[in-house]
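Colleague: I would like to learn how to read a model like this one, feature by feature. Could we begin with burial and then move outward to the sheet and the pocket?

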Amino acid sequence: MSSTTETAILAGGCFWGMQDLFRRQPGVISTRVGYSGGDVPNATYRNHGTHAEAIEIVFDPERTSYRNVLEFFFGIHDPTTLNRQGNDLGTSYRSAIFYSDEEQRRVAEETIAEVEASGRWPGKVVTEVAPAAPFWEAEPEHQDYLEKYPHGYTCHFVRPDWVLPERAEATAS
């Protein structure tokens, strides 16, 4: 493991399923679920205002890249459904990328453009790209939920055939 880490904050529907899938990814060091992108300080499950259910992913940039994290994100949730994933409805379940610096913003916007161009999803990508705001950690009963309750609800799954085509600049070299 390298001596530096990076952090991604993503929202893509119910945070339980995202955490369960991300924790298994190469290079991911830790995950925690919580609330971000909204208006309520000290957000909780019962009072999170306009926050989205989100996941904080700490990863080793020598083992995986922010781009790889985003590609996996776009493969495990439907970024074309506005304020919805599966049976979960409302702004709490929106698709969002909360970037920590201009490089993350650039990579997020580039990745969204490539997801759009790929035709891998039937509609327009509605994923919000916004500066990272405070991340309010969810209550202990929500952390690692699907490890505690393996048959619990999730609307996230790995789509084995979902990969973005090679980028034009990568194939041109």
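Modeller: Let us start with a cut-off: a residue counts as buried when its relative accessible area is under 20%. Bear in mind throughout that this is a predicted model.

Colleague: With that cut-off, how many residues of helix 2 are buried?

Modeller: Nine of the eleven residues of helix 2 are buried, so this helix is largely enclosed by the rest of the structure. The buried ones are Tyr66, Arg67, Val69, Leu70, Phe72, Phe73, Phe74, Gly75 and Ile76, and they pack against strand 1, helix 1, strand 3, strand 6 and helix 3.

Colleague: Is Asn68, which lies in helix 2, buried or partly exposed?

Modeller: Asn68 is partly exposed, because its relative accessible area is 40%, and buried residues must fall under 20%. Across the fold, Asn68 and Thr111 are 43 residues apart in sequence, while their C-alpha atoms are 9.7 Å apart in space.

Colleague: How should I read the sheet, and in what order do its strands lie?

Modeller: As a general idea, strands of a sheet pair through backbone hydrogen bonds, either parallel or antiparallel. Here six strands form an open sheet with mixed pairing, in the order 7-6-1-3-2-8. Strand 7 (128–131) and strand 8 (136–137) are the edge strands, each pairing on one side only. Strand 6 (residues 95–99) runs parallel to strand 7 and is joined to it by four bridges; within this pairing, Ile97 has Val129 as its bridge partner in strand 7.

Colleague: Which strands does helix 2 touch as it packs on the sheet?

Modeller: Helix 2 (residues 66–76) touches strand 1 (6–12), strand 3 (52–59) and strand 6, and its direction makes about 15° with that of strand 1. Helix 3 (residues 102–118), for its part, lies across strand 1, strand 6 and strand 7, running at about 150° to strand 6.

Colleague: Which residues touch the most other members of the largest nonpolar core?

Modeller: That core has 25 residues, and Leu10, Phe22, Ile57, Phe74 and Ile97 are the ones that touch the most other members. Strand 1, helix 1 (15–22), strand 3, helix 2 and helix 3 each supply at least two residues of this core, with helix 2 giving the most, seven residues. Leaving aside residues up to four places away in sequence, Phe22 touches Leu10, Val28, Thr31, Ile55, Ile57, Val69, Phe72, Phe73 and Ile76. Apart from this core lies another, of nine residues, including Phe15, Val33, Ala138 and Tyr145.

Colleague: What covers the buried residues of helix 1?

Modeller: Eight of the eight residues of helix 1 are buried, and what covers them includes strand 1, strand 2 (28–36), strand 3, helix 2 and helix 4 (145–148).

Colleague: Finally, how does one look for a pocket, and which residues line the largest pocket here?

Modeller: Rolling a probe the size of a water molecule over the atoms shows where empty space is left. The largest pocket holds about 170 Å³ of space, and its lining consists of Phe22, Gln25, Pro26, Val28, Arg63, Thr64, Asn68, Val69, Glu71 and Phe72. Helix 2 gives the most to this lining, with four residues.

Colleague: Where is Thr64 placed, and is Thr64 buried or exposed?

Modeller: Thr64 sits in the loop between strand 3 and helix 2, and Thr64 is buried, with a relative accessible area of 10%. Not counting residues up to four places away in sequence, Thr64 touches Pro26, Gly27, Phe59 and Val69.

How values were computed:
Residues are numbered from 1 along each chain as its sequence is written. This is a predicted model: local features need pLDDT of at least 70, side-chain atom pairs count only at pLDDT 80 or more; totals for chains, interfaces and linings use all residues. Side-chain values use heavy atoms; hydrogens and water are left out. Two strands pair if DSSP finds at least two bridges between them. Contact means heavy atoms within 4.5 Å. Axes are lines fitted to C-alpha atoms, for helices over the stretch in contact, and angles run from 0 to 180 degrees between N-to-C directions. A nonpolar core is a set of buried Ala, Val, Leu, Ile, Met, Phe, Trp, Tyr and Cys residues joined through side-chain atoms within 4.5 Å. Buried means under 20% relative accessible area, exposed over 50%, partly exposed in between (1.4 Å probe, protein chains only). On a 1 Å grid over the protein atoms alone, a cavity is a set of points where a 1.4 Å probe fits but cannot get out, and a pocket is an open set with protein on both sides within 12 Å along at least five of seven lines; lining residues have an atom within 4 Å of a point. Grid points are joined across faces, edges and corners, and a volume is the space filled by probe spheres set on the points.
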